[in-house]
Structure formats: C-alpha cells, structure tokens
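Q: I'm new to this one, so please pick a single part and walk me through it closely. After that, tell me how it fits into the rest.

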Amino acid sequence: MFMLRARALAYRVRTLGRHTALEREVDDELAFHREMLTRDLVHAGATPEEARLGARRRLGNPLVLRERSADAWGFPALEDFWRDARFGVRTLGRSPTFVAIAVVAMGIGIGVNAGFFTLVDAFLWQPIPVARPERLVKLLTVDAHGGNGVRFSYADAERIAAHARTVSDVVAYDAEPVGVELTSGAPARSASVGLVSGNYFSALGGTAGLGRVLSPADARSDAPPAIVLSDRLWTTGFARAPTAVGRDVIVNGVHVTVVGVAQPEFIGINPLVPDFWMALPAGSVAGITPGTLDDPMNRFVFLHARLRPGVTMAQADAELSGIVAEPAGAPGSMAEQQRIVGMHLQPNDSMIPPDPQIALMIAPALLVATLVLVIACANLAILLLARSLARRREMAVRLAIGASRGRVVRQLLTESLLVAVAGSALGLLLADVTVRVASRTFFAAVPDTFGVIALSIRPSWHTVAYTIVLAVASVFAFGLVPALRTTSVALGAELKGEDTLFGMRVRRSRFRDALVAVQVAGCVVLLSAAATLVRAMHDFAATDTGLSPAHVVTATLGLTREGHVSQALAAARARFATRVAATPGVVASARAMTAPFTAWPWMHVAGADGGVHGVFYNRITPGYFSVVGQRLLRGRDFAAADTMGSARVAIVSESAARWLWPGTTPIGQTLRLVSDQDSADTFVRVVGVASPAHNGMLWDNDANGYIYFPATGRDLADRTMPVLARGSATSPDLSRSLRDVATQLAPDLPLDVAPLLAERRLQMMPFRYGATAVAVIGALGLALALVGLSGIVGLAVRQRRRDIAVHVAMGAGTREVLRLVLDREMRLVIIGLVVGLVLAVGEGRLIAHLVLPVPALGAAMLVGLALLLLAVAALAALVPARLALRIAPMQVLRQE
Amino acid sequence: MSAPAELVPGTLEMLILKTLSLGTLHGYGIAQHIHRLSGEVLTVEEGSLYPALQRIQAKGWVASEWKLTPTKRRARYYRLTAAGRKQLGLESSSFQRTMQAIARIMRATEG
C-alpha cells in the first residue's frame, strides 16, 4: 500500500507541470485510435465518410477525454489552485479600486491583530534572550497566607544555590541606581547597576566583548571589587577605548576596577539592561544593596534557576520549600506574618510566564483587535457582494458551459485568498513598523535609572503563522457567502438579462443585514473601549490628589545610596537646602524622604481595633505641607525642635485619623508603631492632622492614609532627602535657578532636578499609550464601518434600481425614495447599536475587572456614543442614497 | 452476436491488466481484444479506456512507450510491469471469489 502510494506520488511529481506535452500524447493516441476505427469500419463495408463520422461519434468529446486522463497527472487540486490564482490575479487586475480598498481594509484588520499578537508573543512566548532558556524558572516565596513574593535575602540565595539538588544555575539579580565617577575628579553621573551572583554570566551565557565577565571568584567576600561595563556605558563613558579595562572607577565613593565589557547582545534575566554589573558582595561593600547581606529579613534579590532534567516543578517546589522554610515566630508578630513557609517555581522561559491571569488580562485587548478584523471582513463581504452583482452574468456563462458550481466557488475563494494574502502582507508590514516605533518610543520614555530596555520587538514566525491562520479564516468569513451567492443565480434569467421581475421587491438576504448590524455593533464596542480608556486617562490626570504639584520641583544634590552619605555631602546638601529657601522666586521649600508620586514606603501601626495595619509614611522637614499644597486641618506643623529627635511626634492625614481614632480628636493621641524587626514597638504622639492627599500611583488605593514624621538629624545626614521647592506662578524657570545655586555651591556634584508633575506624567504614560492605541484602533474601525455602510447602501440602491424607478414613475418624492432605500438600513443600524451597547457594557466590565480599575462608561456617555454613531451612519448612508434620487425612471424601465 | 452488455463496474482495470499479461498492445488493440475475447459482448468505451490507462500507469502497473505498428504507424504501446502482474493476481483471485459467491447465491435462489 505504501509502495503504491509512493509510486503514484512519484508519477504525479514527474508529470507535474507537463500537462501540455502529456495532452499532446493523449491527442496523438486518440488520433491513432480514430484512424484504426475508421479503417476497421471501412473493412466492414462502410463508405469512408460514414466510417469517419462513426468513429468520431464513438470517441465522443475529445476535450472531456483529455480532461479525464489529466486527472492522473500532477496534483490536480494544486494545479487548479495555481490556475485559479493566475486567473484571479488577472481578474483582480481589472478592478484596481476594488483591490486597493479591499487590501487596505484587510491590511488594517490583520495589522491590528498582528501587532497585538507580536506584543503578546514577544512577552509571553518568545524565549528570553539567554542561553538555554527552556528550563529556566523564577523562584517565588510562599508566605503563611499563601501569598507569593519575588524577593529573597542573600542568605536564602546562597543556601538554595549550595543545597538545591532539583535545580542548577541559581542566579541572583537586583538592579539599583548609583552614582559613578568614571575618572577621578569628573562629576559623578547617575547610573544603574545590576548586582549579580558570581555565576550570573556563565549560567546565562553572557560573554565578554573585551576583558572578562564576572565569575564566582568575584562574589567572594574578600574579592577586590570588580565591575563589567555594558556596551552602552563603554560607548558613552569610554568612547569604546580598549584601555577602559583595568580602569579605576568610583561607585558611590568606593573604588572598583573595570574588568571587562559585556557583549552588546547580552541582556541578562531582566530586559532592563544596567550600565554595569557587579557582584552582590562587592555591591554591599559599596553600600549599594539595601541593608546588609547577612540580614535574613533583608529580602531584595530576584532568583532564577534551571530545573534539572527529569525533575518536575512539583518535586523542585517540595525540595526548595524544605530549604527556605523558616521556623514559626511569635503569633501575630511581624516576623510571623512575613515568614516564608515554602517556595514555588514559575516557568520563566519567556518574559512573562503565560498563566491564566495574564490570559485574562489580554482578553479585552484581544476582543478589540478581533472586532477590527470582524469589521474589516464585513467590509470585504460587502465589497464582494457588490462585485458579485456585476459578475453574475460572467458566472452564469461559466456555469452554462459546464463548470461545476463547486469549481467556480473555489475559483472565487481563490480570488478572496489573494486579497487576504496581499492584505496580510500589508498588515504584517504595518504591524512591524508600528510596534517597532511605538515600543522604541515607549522604552525611551522609561527613565534609565534602572537600566535601558534593550528589546527590539519584531513579528516572529509565530506572528506570521497566526496571521496566516487569520487570513484563511477571514477568507471563509468574508468570501464564502458572497461566492455561494454569486453562483446561485438562476441561469436562464441571468443570460436573458433579467435581474428581477418587474416591480417585485428584491429579497433581502439575512447575511447582508447581519453585515450592517455587525459593523455597527463592533464599532460601538471599539469606540466605547477607546472612550473608557481616554476618559480614565483624563480622570487620572484630573484626580484631585489634594496636592498642588504645579510649580513644584524636586532637587537632589549628589548621588548616593541611603545610609552611605559622606559627612561632606550631607553638609553640602544642608547648605543647598538653606540656599534654595533663600533663592528669589522660591515661595517655600522643604526636604522629604520621598517626593510625592515617586516612592511609597509603608509601615505597620496598631489601629483602634488592636490589629496591625499597613499605612504609608514619609519623613519631612517643617514647611513640607505648604510646599506640596496640603493644608493642616488641626494641630500644628512640625517645628525645628521636633527634628531633634527628642520629641516623638507625628502628623496624620485626615483619612488615617478617621480609622485610627474614629469619633475622637486625634490630636494628643498616642500611635503605636509596630516594628518590622525584632526590636520593640515605639510610640509617637499626634500633633497635627493634614488634609488628605493622594500620593501614590494614580490608581492605588491609599485610603488608609499617611503618617508623617519629622525628619531627624540622622535622616538628614544619612538619607538623600531631596529638596522640594515651590516657585511662584510668575517665576519662569525654577529648575534653572536651582541649578545655578548648585553650580555655585558644589560644582563637582551632579544635581538632579525634575518638576513634580514629570513623575505624574510618567505614571500616565502606559495609559497614554494604551488610550492612544485603542483610540487609533477605534478610529480605524469607525472608518472601515463607514466605508462598509456606505457600500451596502450603494449596493441596495443599485440592486433596486427598477424598484425605485417604478416608485419614481408612479410619483414618489424625494422623501419616499430615501425612505425606500434607507428605512431598512437604518433599522439595522439601530439593532447594531443596541447589540453594540450591550457588548460595550460587557467590555467595560471586562476591562475594569481584569486590566485596570477604571470606571465603566455611564449611561449618558453610552447614549451619546450611540447618537454620534447614528448620526455618522446616517451621513454615510445618505451619500450613496442620493444616487437613488438621480435614477431616471424611463431609462431604467426601458432596459427591462 | 448477442446483445452488448455493460462492463461490471470496477473490472475495467483488471481486464486491461489481463489483456496486457498476454503481451504489449496499444489502446485500440486492448479495446479490440476485450471486445473479441468476450464474444463481442463487452464493449470498452474509449472514454473510460484511456483515463483508466492513465490511472494504472500512474499507479505503476503498466508502462508505455511509443513504437511503430507493423503498418508503420506511430502508436503508444502498453506493457505490464512486475507490480501490475502482482496486482492482476490480487484482483483476479478477489474477482473469482466474488463471482463464486454471487453464483452460489443465484443458484440457491433459483433452486
């Protein structure tokens, strides 16, 4: 059986494309046969003329015989397809307008989907760019409540690396901002460092372009501090000089040696590529790591590892849990609450582990993208229906001369496929350009304090495959019904040139009705999704934060990590703060541990119920509230005396006061601060209540409020404590004045100045991109739907010319004619609107549930949207409908 | 001469193979042979014969080449291949069984 198949296949391959030669052989053979037959008939006594006719009669139609013989040659389906494709190209070439519109519509539909899929693929499926990514896992801690954490203490990292049998290549990573002086005496610049375990490069396949990479020897506590430069810092800081290796560089005031430059392709475990890498112990010496390395509560490194061959995730989970599980602490204590009870591994062969949660987050976006394709397909179906009207006679002729209906349908579908293929190519191109440009812009806008995103997101073969599937599915979605419709014509009527019976209403198809409704409904959903996000963006921008961030700038002099500030720098910062306060144009100034919108330190306090609650906090100098625009509702501001650290006082925000001391005045109350460490809890007295402020991420819930402590002398000495300065509305350039102050005061220290609003803008960035993308997609969808709607009304007018002509001949006016054409269409538009609104509400809920807590659109907004769409749809329908008014009845009726 | 009968469906390929097992022949010759040997009962339609020849050639059961006839005319001669001989064996034994089975049934119902 197999032999037979193989032989037949070989024969087909041999005969593929040789039809002409083979047909000639069959013709020759038949000619011989006819000759012999004629000769035998003559022998039997027939006249030569009779014999010739008899032979021809017996042999029948030579064309049919030839066709039937040809079935054994080559691959008939393939060759039919090829012939159809060539024929399709010729046919399509004759209607360039149709092709242009169809390809662009398809290009938009496919492009949106391909672009979306490219992003999903890049983050969810593309292997992360390290060596052997297949069995890479990310390590997560499991706490007593079943919650997962991603950060480990260095001690845990070392213990796992030393004892784990189920995983190998345990790598630790943490990124931190630092200040570096590349040559001594040069001003420090801010940079990002990747703090890594010694095996980081070897485990992930990172090699040196120059010098060497870090090795486990560099991670010994007594090893001389060494750094490996990224290709970028080598370029910007050392002009790619080979002498960079061996150079002495100062990181946060500590001398380190450059031992090498990493290959430019090396990205590491995190797509944010730092300026240089350093071993974790060396980083601790340079004061870069938060806290010390031997503190088991100091959890800050991310851990990744490779699952050993033959080991299941569950086995590794079990083994590692045994290694890291901590003994139970005192019930109710902080240590007990944060205790690690186990470990959980997550596949990390792609950027984001594709878990169900992520899939859900993607769903609303996928819906939006799919809708665009659905609208595009509806559009194409309309175009094809319009075309079929013009081609019915051609089809009738082809069916009449013996082509089977299936064959003609196949040919029409091939034409659709050609359009889909061209549209998909255009779509892929659009997706590639858009995604590349957009992602590059987006990445460039991310501040480089934590590294530079080194991803180049391009469509992979996954995307191409996805596109092909979509294209083929689309062909059936938009091409099948029109093809069947085109070939179902009544042959006789068509050849005789009769479209419809005189005066009879043309039967409307459900398919066409559905196209109108689908387009409108899809559009409503797209536009409402866009409106939801755009409005959310505006809402966030307009959120009353309780602060007035305009005219406020933050300024940080010198770059070092908290807890490692030299006395000289601390003194320079203090002088700077004093000088800023006296600078003309500065209305008020203060220092704070964290500027609003930048970081959200939180702590635990004991509430009125005796339970432990998390609350945000800040350490500030007197005058902070007037700088950021918060009001003091009750009590007093901090005084200079409070900063001495002798008086343990605090100011609470009104929202914190409300749950801490419900019903009583908070002033004078004592607040218990629950220690995160094993040290004893401390107590502070509340001296003031500040107006509520929203300081965190725009969508964060900080209903628990804030607690403010006076910055102590130690805070001011050890911490960065940026200066916040409020300028008057008339002072033109506050940043410039502050820079001047810094240059005069400490020319060798870098100054980081940024408007407070810049931080807010950064938070808004993902929204802006998301809202812009969805708005553009919505606009594209609307444009497609308008073209489609306009096309379908045009089609209706053409199909019903006679009907309309009769009405006009019988005295129908403009109004009646328009109603005749538009009545049904507009009714379908309204059905589409209603369906769309229902779906839009669902989509809004989906977004709010799965992606971002944005409020759903209100009824007024939805109705407004519907009215807008109705108006636009009416406009789109009216243009072709006016054609109906120009129908000259006598001319049309004479054609009957 | 008895009345012409229809070919039993599915037997044409077998008949061609059987005919060619006696020697090489051209298409016309095959048709003539079957017609004559069946006592002029079976007539092979040319419309079926040539497509069938293409089919079994594609399956590799027969091979063909162009040769001159004794009367010096160019004609395509078909020849049975080893695979074709094997196929003929399979088909004729299966045909025998079927015919015997049918014959038994016919006898039983007649009796």
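A: First, a quick word on terms: a helix here is a DSSP run of H or I at least four residues long, a strand is a run of E with at least two, and both are numbered from the N terminus. Keep in mind too that this is a predicted model.

The part I'd pick is helix H9 of chain A, which runs over residues 231–238. Which of its residues are buried? They are Leu233(A), Trp234(A) and Gly237(A). To count as buried, a residue needs 20 or more other C-beta atoms within 10 Å of its own. Those three cover an arc of only 105° around the axis, so they sit on the same side of H9(A).

What lies over them? The cover for the buried residues of H9(A) includes four strands of chain A: S5 (189–196), S7 (226–229), S9 (254–262) and S11 (276–279). Just past the end of the helix, have a look at Ala239(A), where phi turns positive, at about 50°.

Now step back to the whole chain. Chain A holds 27 helices and 25 strands. Its radius of gyration is 38 Å, well over the 29 Å that the globule rule gives for 896 residues, so the chain is more spread out than a compact globule. Along the principal axes, its C-alpha atoms fill a box of roughly 135 × 75 × 55 Å. Buried residues make up 39% of the chain. Of the contacts in chain A with a separation of 6 or more, 81% join residues 24 or more positions apart.

Chain A also touches a partner: 19 of its residues are in contact with 14 residues of chain B. On the chain A side, helices H1 (2–15), H2 (19–43), H3 (48–59) and H4 (62–70) each give two or more residues. H2(A) gives the most, with six. By type, that side of chain A divides into nine nonpolar, three polar and seven charged residues.

How far can you trust all this? The average pLDDT of chain A is 82, and 92% of the residues score at least 70. One of the strands covering our helix, S7(A), has the highest mean pLDDT among the elements of chain A, at 95, while helix H16 (491–495) has the lowest, at 48. Over residues 494–506 of chain A the pLDDT is below 50, though this stretch has 16 contacts in the model beyond near neighbours in sequence. Where pLDDT is low, the predicted coordinates should not be read in detail.

How values were computed:
Residues numbered from 1 in each chain as written. Chains lettered and ligands numbered in written order. Predicted model: local features only at pLDDT ≥ 70, side-chain atom pairs only at ≥ 80, totals over all residues. Contact = placed C-beta atoms within 7 Å. Nonpolar A, V, L, I, M, F, W, Y, C, P; charged D, E, K, R; others polar. Rg over C-alpha atoms; globule rule 2.2 N^0.38 Å. Buried ≥ 20, exposed ≤ 12 C-beta atoms within 10 Å, placed from the backbone. Arc of directions from axis to C-beta. pLDDT = per-residue confidence, 0-100.
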